[in-house]
Amino acid sequence: MAIKKSDLYSSLWASCDELRGGMDASQYKDYVLFMLFIKYISDKYGDSDDFAPPVIIPKGASFKDMIALKGKSDIGEKINTQVIAPLVDANARLARSDFPDFDDPNKLGEGKDKVEKLSNLIGIFQNPVLDFSQNRAEHDDILGDAYEYLMRHFASESGKSKGQFYTPSEVSRILANVIGISPDNTIASTTAYDPTCGSGSLLLKVAAQAGKRITLEGQEKDVTTAGLARMNMILHDFPTANILSGNTLAAPKFKDGESLRTYDYVVANPPFSDKTWSTGLTPADDPYQRFTWGVPPTKQGDYAYLQHIIRSMKSGSGKAACILPHGVLFRGNAEAIIREKLVRSGVLKGIIGLPANLFYGTGIPACILVLDKENATARAGVFMIDAAKAFIKDGNKNRLREQDIHKIVDTFMRQDIGNPHYARIVPFSEIADPKNDFNLNLPRYIDSTDPEDLQDIDGHLRGGIPERDLDDPDNELAAYWRVLPGVRAALFASAGRLGYARLTLPLFEVKPAIFGHAEFTTFNQTATQLFAKWRKVATRQLTAFGQDGHPKALIETIAEALLTTFKPAKLLDAYDIYQHLMDYWATTLQDDAYLIAADGWAKGVQPREIVQVKDKSNKLVWPESHDYLKGKRRFKSDLLPASILVAKYFVAERDVLATLDNQLATLEQQLDEMREEHSGEDGLLAEANEAKEGESPKVTAKSVKASLKKVESNPDYAEECVALKAYAKLLEQQTNVKAKRKAAQDELDKKIDAKYPKLTEAQIKTLVVDDKWMTHLAVAVQGELGRVSQTLTGRIRELAERYATPLPQLTDEVAILAARVDGHLKKMGAVWK
């Protein structure tokens, strides 16, 4: 049975992190990622009958051979000489520098410590669920995605300077989309290049967007990171990608003769403001003529990389996108001269401003420069997007959500200027205007600041809500009144003077009035009908999905349809609705789809053993817990949780358990009350209280029995005896109800276990698609509808409370209160002046 995708990732990370101990994450990642690599290629190519397999596994150099080395004193040396060395010798694309030293005492320790560490590391990947030989969802890059998952976690753990090898996948996807590559414009000879490729994630996103086999080439300065990239390419089934080590600016590796090779597509995330960019290079005498627009400042290499990228684009057709620090848009001196020439060339197609703190190597804000040599001379402006506010907090970093990515890509590809506070086509004449002087800082051209919430002095002085705050087109309420004009009329009337209104209802009646209004009901029904329309089609697509299906294609289809369906919806942001689906995909639906793709509906729904990770003391590290109804079980069905099965087939049994739970809660409350009332020093249960000083009262069946034995024959303790017997009776009742509950739960568990194998595929699909997936999404859409009324009510309340008490009334109230104080002081004989 297939392993859940999220379980694969999470258990790998938990295991590796537990084993890492004190080793630096930036170093430990090399060992873990190599283990994932060797396990994968051993499973995939170890017994290959292909004439020329993409990766050759020499005899004695497979993962199975590593298992045989576990516990041996020379395990590290043998991995180096019997596994890594033959592997490198047999595969020209691999280099010894790609892989870590498994015999390094400084990193792995010595003697028994090293043997244990390496043996345990091999043991992690021996888990039977990590058998990749029958990986039937190869097209969805389960292994490649696991590699990226581990790299992302290692990047976040590696600290500021050591996390630069990884470009967040969300940003990589934007670059791959905005350069315009797609299956429609791609052929086998299409070329893509990354001059600073890191671990290769950007190139792979471009390849994924192309949808076909294309030529991938990349150069990386750090030899170990170049090795990560080569392994990443193989794990993503791109073993022919050409990744070379070296300094791109000083010694570019990809040339045609003595000229730089040019490409259809170039993507890059160069090191920000590289202070050593000119090492080994004489920019004024560059043999590749990259700096004809000007030599960048000695300690800021951003424009050096940019000019290398432009020189590497095919003349007349090349397209590129690169990530650079925000400073390239406005810094002066030499960079200002280069920037002016860049704009005047027409090659700069667009600028996308990103949120700060997205990257692992730095917290500064960055931007994406989109470059296009096609029709460059005819270009009349630069398309600008300011997406700096579109993100979610994720630990100590910011992260782009699915809706943020989609909105950026949609806006750029359609050149959508419907929201001038988000995107504009800025003409060259405006950029060249002396007041801007080719400064490209986005706030000069896009005002993305929230409108100021102005205070109305006259409203504070004389009362009344300013109609400007209600009806001005720039205010948020105006959008509501365009859809709900009757609600505006029902809630507000004239305050008796021009330009001011008053609320016609008490504040507590506003929300019910909005909910009950016919226009809001119509709005609600329209949105609900839109969801029902999408649900009907999506349900067919989801139930048609089956074994060997493509999960990524599935979510793309239904998510795009949901976004398109809700685009016309008033007062709702279609991207917010889309995000609900994508969040659910990330947490639940994705795992379900991969289980179905691997095992089919009938097998995928059967309860499976929970993957567990334990530390050296046998303590559970991952997952922290798995609840199965009320009990803890080693087996559970992720595709069809027992709670859904119970709600459909075992309602009576569930109600019995609920009744028993209520009885237990009542008994526990009665016991609590007795303990609190009678467990004090002189209380009737004092003798039975086992709690130490400062602790909550602790009265057990054993202590009650012992106390009763002491006092029941003594008439002086008659009251204590009654209290102890009453408490003992409650404890007995609690024990009996607990026993009944356990028996009922066990009986229900048996029925559940017996029901799973009897479910037909049609029943499974109905339960999963309708009762699980669609029910969750319907609730999310209803939540968005509720948010509309909540936002409207909140703003009305804010305005009503702001102007509820005008200044004269406040003055009168102050005078009344002052008079009362004076009166009290006089009665007390005090003189107040």
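**Close-up views of a predicted model**

**View 1. Pro-466 stands opposite Tyr-500 in strand E16.** One position back on strand E14, Ile-465 stands opposite Ala-501 in E16. E14 and E16 (residues 500-503) pair in the antiparallel sense over two bridges; pairing takes at least two DSSP bridges between two strands. Strands (E, at least two residues) and helices (H or I, at least four) are DSSP runs, numbered from the N terminus. The model is predicted, so local features need pLDDT of at least 70 and side-chain atom pairs pLDDT 80 or more, while totals for chains, interfaces and linings use all residues. Residues are numbered from 1 along each chain as its sequence is written, and side-chain values use heavy atoms, without hydrogens or water.

**View 2. Strands E14, E16 and E15 make an open three-stranded sheet, in the order E14-E16-E15.** Its pairing is antiparallel. The edges are E14 (465-466) and E15 (492-494), and each of these pairs on one side only. E15 and E16 are joined in the antiparallel sense over three bridges. In this pairing, Ala-493 has Arg-502 of E16 as its bridge partner. Five residues lie between the strands of the E15 and E16 hairpin, where Gly-496 takes a positive phi near 95°.

**View 3. A nine-stranded open sheet runs in the order E3-E2-E1-E6-E7-E9-E8-E10-E13.** The pairing in this sheet is mixed. Strand E3 (242-245) and strand E13 (423-427) are its edges, each pairing on one side only. From one strand to the next, the twist averages 15°. Angles run from 0 to 180 degrees between N-to-C directions, with axes fitted to C-alpha atoms (for helices, over the stretch in contact). At one edge, strand E10 (residues 381-386) and E13 pair in the antiparallel sense over five bridges. Within that pairing, Phe-383 stands opposite Ile-425 in E13.

**View 4. Helix H11 (residues 302-311) packs on the sheet.** H11 touches E1, E6, strand E7 (319-325) and strand E9 (366-372). The direction of H11 makes about 175° with that of E7.

**View 5. Strand E9 is largely enclosed by the rest of the structure, because seven of its seven residues are buried.** Buried means under 20% relative accessible area, exposed over 50%, and partly exposed in between (1.4 Å probe, protein chains only). Ala-366, Ile-368, Val-370 and Asp-372 point one way from E9. Cys-367, Leu-369 and Leu-371 point the other way. E7 and E9 pair in the antiparallel sense over seven bridges. Here the partner of Lys-319 is Asp-372 of E9. Strand E8 (residues 348-353) also pairs with E9 in the antiparallel sense, over five bridges. Leu-348 stands opposite Leu-371 in E9.

**View 6. Helix H9 (residues 201-210) lies across strands E1 (191-194), E2 (215-220), E3 and E6 (265-268).** H9 runs at about 160° to E1. Eight of the 10 residues of H9 are buried, so the helix is largely enclosed by the rest of the structure. The buried residues are Ser-201, Leu-202, Leu-203, Leu-204, Lys-205, Val-206, Ala-207 and Ala-210. Just after H9, Gly-211 takes a positive phi of about 75°.

**View 7. The axes of helix H21 (residues 551-566) and helix H22 (residues 574-604) come within 10 Å and cross at roughly 160°.** That makes H21 roughly antiparallel to H22 (over 145 degrees; under 35 is roughly parallel, 65 to 115 roughly perpendicular, the rest oblique). H21 contributes Pro-551, Lys-552, Leu-554, Ile-555, Ile-558, Ala-559, Leu-562, Leu-563 and Phe-566 to the contact. H22 contributes Ala-574, Tyr-575, Ile-577, Tyr-578, Leu-581, Met-582, Trp-585, Leu-589, Ala-593, Tyr-594 and Ala-597. Contact means heavy atoms within 4.5 Å.

**View 8. Leu-792 of helix H27 (residues 761-802) sits in a buried position.** Its relative accessibility is 1%. Setting aside neighbours within four places in sequence, Leu-792 is in contact with Leu-477, Tyr-480, Trp-481, Leu-484 and Ile-514. Leu-792 and Glu-476 are 316 residues apart in sequence. In space they are 8.8 Å apart, C-alpha to C-alpha.
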